[in-house]
Amino acid sequence: MTSMLALPLYDLPTRSSSGFLLRWIAPRMGPVQLISILDTSGAFQALSVPSDIIVATGHGNPDILTGHKEAVILRVGDYDPKVVAGKVLKFLSCQTGNQLGPDTINNGALSYAGYGADYVWVVDADKWMTPWSDEFAAKSIMPVVDSINALLDGETAQTAFDIEMEGYTRNADLTENELIRSCLKYNRNNAVLLGDPEARVKPRPKITMPLPPPPIIVPVNL
Amino acid sequence: MAQQEWEILKETLRQPSSPHGREAAAKAFSQYERTLPAGSKPTLVSLGLGQGYPNAVPVDQISEELKKNPKFFELMHEIVESD
């Protein structure tokens with residue numbers, strides 16, 4: 001069984017979210033990884049079909065998920081249901097929980113996890129070359145990483161969702177930075193899980209961490 | 001970290017998004033920002049698309065964005081109210 005991992009890398013938010021997934025999730029998912037300029041609609045829709053799990057990050061709004069340079073990779077009413085049918089979906093993006101998430105369930109996705117509002121967090125812009133080492137961003141993105149790893153361990157969508165929520169709560173309790181704490185609570189309050197809470201995928205092999213960090217593709221226009 | 005400054009910011013963000021209200025929020029954020037530790041480049045980011053505010057706002061520029069952008073004021077209101 002294959003997996004789909006879509007990781008745009010063209011601006012500060014996508015470099016941060018994709019950077020963490022590249023560091024902690026990509027080694028467990030394959031063979032299909034759409035990184036940077038490869039994260040396009042055609043590739044996403046064609047290569048998602050044989051996957052049992054789709055993990056995607058990128059800018060979004062209620063009915064659109066985008067990839068590289070805001071290219072639409074999934075839009076309500078404009079994709080083959082085979083792209084999502086029978087799959088567990090995790091979208092780290094803004095607002096797709098309002099329309100796109102329900103639409104994927106209507107088109108046969110087993111479960112969808114995402115957010116009904118903007119996904120917001122604080123990054124250290126000085127860490128843009130090695131975003132996975134950003135301690136500000138880790139407070140928000142590592143709960144997402146832990147949740148996806150739970151899915152890859154074969155846990156249910158509900159268990160994975162709960163792990164992410166507990167991560168936000170734990171990190172909010174630990175941080176002394178009020179802005180970061182508010183972002184964590186905001187993301188937690190707006191997280192959405194739809195579909196079958198018992199949905200799960202075939203467990204992937206565990207990877208012994210730490211792995212060497214991945215190379216980051218440096219965009220020419222950043 | 002700076003509970004008093006944070007509470008003042010919260011209160012200003014509860015006011016309507018008028019030019020005067022945004023100016024007050026911007027001033028309150030500046031005062032809060034002075035309480036944050038220096039030494040890095042913290043930036044508030046989001047994965048929104050076409051929301052009417054930048055996807056990345058350095059924390060030291062949040063007060064400016066609050067002053068001029070009603071949609072960003074609304075986003076900050078929602079974020080801060082979550083606390």
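**Close-up views of a predicted two-chain model**

**View 1. Two strands of chain B sit side by side.** β1(B) and β2(B) are joined by 3 bridges and pair in the antiparallel sense. Before going further, please keep in mind that everything shown here comes from a predicted model. To find one pairing point, look for B:Leu44, whose bridge partner in β2(B) is B:Val57. If sheets are new to you, here is a helpful reminder: strands of a sheet pair through backbone hydrogen bonds, either parallel or antiparallel.

**View 2. A strand from chain A joins the strands of chain B.** Which strand of chain B does β9(A) pair with? The partner is β1(B), residues 42-46, and the two run antiparallel with 5 bridges between them. A good place to start looking is A:Asp124, which stands opposite B:Pro42 in β1(B). Taken together, the strands make an open sheet of 3 strands in the order β9(A)-β1(B)-β2(B), with antiparallel pairing. At the edges stand β9 of chain A and β2 (56-58) of chain B; each has a single partner strand, so one side of each is left without a neighbour in the sheet. From one strand to the next, the twist averages 30 degrees.

**View 3. A helix lies across the shared sheet.** Here α1(A) comes into the picture, lying across β9 of chain A together with β1 and β2 of chain B. Compare its direction with that of β1(B): α1(A) runs at about 85 degrees to this strand.

**View 4. Two helices meet, one from each chain.** How far apart are the axes of α6(A) and α4(B)? Helix α6 of chain A (residues 178-190) and helix α4 of chain B (residues 70-81) pack with their axes 7 Å apart, at an angle of about 90 degrees. The two helices are therefore roughly perpendicular to each other. On the α6(A) side, look for A:Ser182, A:Cys183 and A:Tyr186; they meet B:Glu78, B:Ile79 and B:Val80 in α4(B). By class, the residues of this helix contact are 4 nonpolar, 1 polar and 1 charged.

**View 5. The whole contact between the chains.** Now step back to see the contact in full, with 33 residues from chain A and 23 residues from chain B. On the side of chain A that touches chain B, at least two residues come from each of α1 (12-24), β4, β5, β9 (120-124) and α6. Which element gives the largest share of that side? The answer is α6(A), with 7 residues. Sorted by class, this side of chain A has 13 nonpolar, 11 polar and 9 charged residues.

**View 6. An open sheet within chain A.** In chain A, 3 strands form an open sheet in the order β4-β5-β6, and the pairing is antiparallel. Its edge strands are β4 (60-61) and β6 (72-75), each pairing on one side only. Between β4(A) and β5(A), residues 64-66, there are 2 bridges in the antiparallel sense. You can spot this pairing where A:Gly60 stands opposite A:Leu65.

**View 7. Chain A as a whole.** Chain A contains 6 helices and 10 strands. Its C-alpha trace spans about 45 × 40 × 35 Å along the principal axes. For 222 residues, a compact globule would have a radius of gyration near 17 Å, and the 16 Å of chain A agrees with this. Of the 222 residues in chain A, 54% are buried. Among its contacts with a separation of 6 or more, 71% link residues 24 or more positions apart.

Definitions and conventions:
Residues numbered from 1 in each chain as written. Chains lettered and ligands numbered in written order. Predicted model: local features only at pLDDT ≥ 70, side-chain atom pairs only at ≥ 80, totals over all residues. Pairing = 2+ DSSP bridges. Helix = DSSP H or I, 4+ residues; strand = E, 2+ residues; numbered from the N terminus. Axes fitted to C-alpha atoms, helices over the stretch in contact; angles between N-to-C directions. Parallel < 35°, antiparallel > 145°, perpendicular 65-115°, else oblique. Contact = placed C-beta atoms within 7 Å. Nonpolar A, V, L, I, M, F, W, Y, C, P; charged D, E, K, R; others polar. Rg over C-alpha atoms; globule rule 2.2 N^0.38 Å. Buried ≥ 20, exposed ≤ 12 C-beta atoms within 10 Å, placed from the backbone.
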